[in-house]
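Here is a friendly walk through one model, for a reader who likes to know the cut-offs behind the words. Have the structure open beside the text as you read.

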Amino acid sequence: MLLTTKQLFEKCYGRYAIPAVNVFFMEEIHGLFAAAQEAEAPFIVQTTPFARDYAHPDMLLSMIAAAARIYPDVTYAIHMDHGFEEHIFQAIEAGGYTSVMIDASHDDFDQNVARTREVVARAHAKNISVEAELGVLAGVEDDLTVDAAHSFYTNPQQVEDFVKATDCDSLAIAVGTSHGAYKFSGGQGLQFHILEEIQQRLPGFPLVLHGGSNVIPEVVERINAAGGNLKTDAKGVQEDEIRKAIPLGVCKINIATDTRLLWTMVNREFFRDKPEEFAPTTPGKIFMEEYKKFMLKKFDLFGCTGKAGDFTFA
């Protein structure tokens, strides 16, 4: 069942969160859909402009549509992550997406409002949900880089004004996460007082946590043991933080870095242990199974295992 993110958030708010997972290639899509069908868990499959440039939008959306036929019992939304107007308007007109994100967080408040309002008007006319962003996350994702000096937390007062001015359906907020593999090196963690104040000002409004990967130390260690050279002094969002954030209105949690690290671990270990191999399909099968197991754990952590039954729209 293909839904908008607005429909998903209306059911999950305060109860559980829905993983929003960036995909680039077939093995990821197989693993994600297979895990969701087994877990009976709703999910959001995401593509970034970078992924669309890499694989081509038609290829990505065709693979997602094929997965929906192969795994017919899934409940999901298709979301464009971190889009600018040129990507968003193209996606709206081409079809296929049920949700888009306008990332104008680097602009000043008034310009962010103006750009978001234009996207909301065009998306809502096509029954497409809109995620906006207020506050700036540090880190690296695809071709987006923001250093810590230019990042800042979301202001709860501005959130209230922004949502009323734009009519966006959900809001990505900066509360201490960062993009990429090197997050939380300072150990600050999530800023729950910001989430609490936003919920007080806008009860029931869905919030989005970008940079939601855990950066599992064991995975980083296994990558380095197999020839990698990743830093080991950073940690991602911890499981207890996720559990605490969900009742405070976090409905959507983005995952990208963890799945990339998983791919790197599987392939480095495979070719280290089997240097005579050269076929991509063998490690590909291993990766799909590891990806599925990873997502089953995420569904449990986010509390959405078995929740696909919440959605009975005609």
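## Helix H5 and its surroundings

Glu93 is in contact (heavy atoms within 4.5 Å) with Arg122 and Lys126, leaving aside its neighbours within four places in sequence. A word on the ground rules: this is a predicted model, in which local features need pLDDT of at least 70 and side-chain atom pairs count only at pLDDT 80 or more, while totals for chains, interfaces and linings use all residues. Residues are numbered from 1 along each chain as its sequence is written, and side-chain values use heavy atoms, with hydrogens and water left out.

Glu93 belongs to helix H5. Helices (H or I, at least four residues) and strands (E, at least two) are DSSP runs, numbered from the N terminus. The C-alpha atoms of Glu93 and Ala123 are separated by 9.3 Å, with their positions 30 residues apart along the chain.

His87 is found in H5 too, a helix that covers residues 85-94. Beyond four places in sequence, His87 has contacts with Pro49, Arg52 and Met80.

How do these residues, and several others discussed below, sit with respect to the surface? Buried means under 20% relative accessible area, exposed over 50%, and partly exposed in between (1.4 Å probe, protein chains only).

| Residue | Relative accessible area | Class |
|---|---|---|
| Glu93 | 52% | exposed |
| His87 | 16% | buried |
| Tyr54 | 61% | exposed |
| His56 | 45% | partly exposed |
| His82 | 10% | buried |
| Gly14 | 33% | partly exposed |

## Two histidines with positive phi

Most residues other than glycine have a negative phi. His56 has a phi near 85°, a positive value in a residue other than glycine, and His82 also has a positive phi, near 55°. His56 sits in the loop between H3 and helix H4 (57-70), whereas His82 is part of strand E3 (residues 76-83).

Tyr54 lies in helix H3, which runs over residues 49-55. Tyr54 and Phe25 are 29 residues apart in sequence, and their C-alpha atoms are 9.5 Å apart in space.

## Inside the protein

A nonpolar core is a set of buried Ala, Val, Leu, Ile, Met, Phe, Trp, Tyr and Cys residues joined through side-chain atoms within 4.5 Å. The largest such core has 94 residues, and those that touch the most other members are Phe33, Phe43, Tyr76, Leu171, Leu195 and Phe299. Not counting neighbours within four places in sequence, Tyr76 is in contact with Met1, Leu2, Leu3, Phe33, Phe43, Val45, Ile64 and Ala68.

Leu195 is placed in helix H8 (residues 192-201). Leu195 counts as buried because its relative accessible area is 0%. Its contacts beyond four places in sequence are Ile173, Val175, Leu207, Ala245, Leu248 and Val250. Ile246 is 51 residues from Leu195 along the chain, with 9.8 Å between the two C-alpha atoms.

Which side chain shares a polar contact with Lys252? The partner is Gln46, at 2.7 Å; a polar contact is a pair of N or O atoms within 3.5 Å, where within protein one must be able to donate a hydrogen and the other to accept it, and residues adjacent in sequence count only if both atoms are side-chain atoms. Lys252 lies in strand E10 (residues 250-255) and is buried, at 1% relative accessibility. Past four places in sequence, the contacts of Lys252 include Phe9, Ile18, His79, Glu131 and Leu207.

Gly14 is in the loop between helix H1 (5-12) and strand E1 (18-22). Gly14 touches Ile246 and Pro247, residues up to four places away in sequence being left out. Gly14 and Gly249 are 235 residues apart along the chain, yet their C-alpha atoms are separated by 5.4 Å.

## The largest pocket

On a 1 Å grid over the protein atoms alone, a pocket is an open set of points where a 1.4 Å probe fits, with protein on both sides within 12 Å along at least five of seven lines; lining residues have an atom within 4 Å of a point. The largest pocket holds about 420 Å³ of space, a volume being the space filled by probe spheres set on the points, which are joined across faces, edges and corners.

Its lining has 16 residues, with Ile216, Val219, Leu262, Phe294 and Lys297 nearest the centre. Helices H9 (217-225), H11 (257-273) and H12 (281-302) each supply at least two lining residues, and H12 gives the largest share, six residues.
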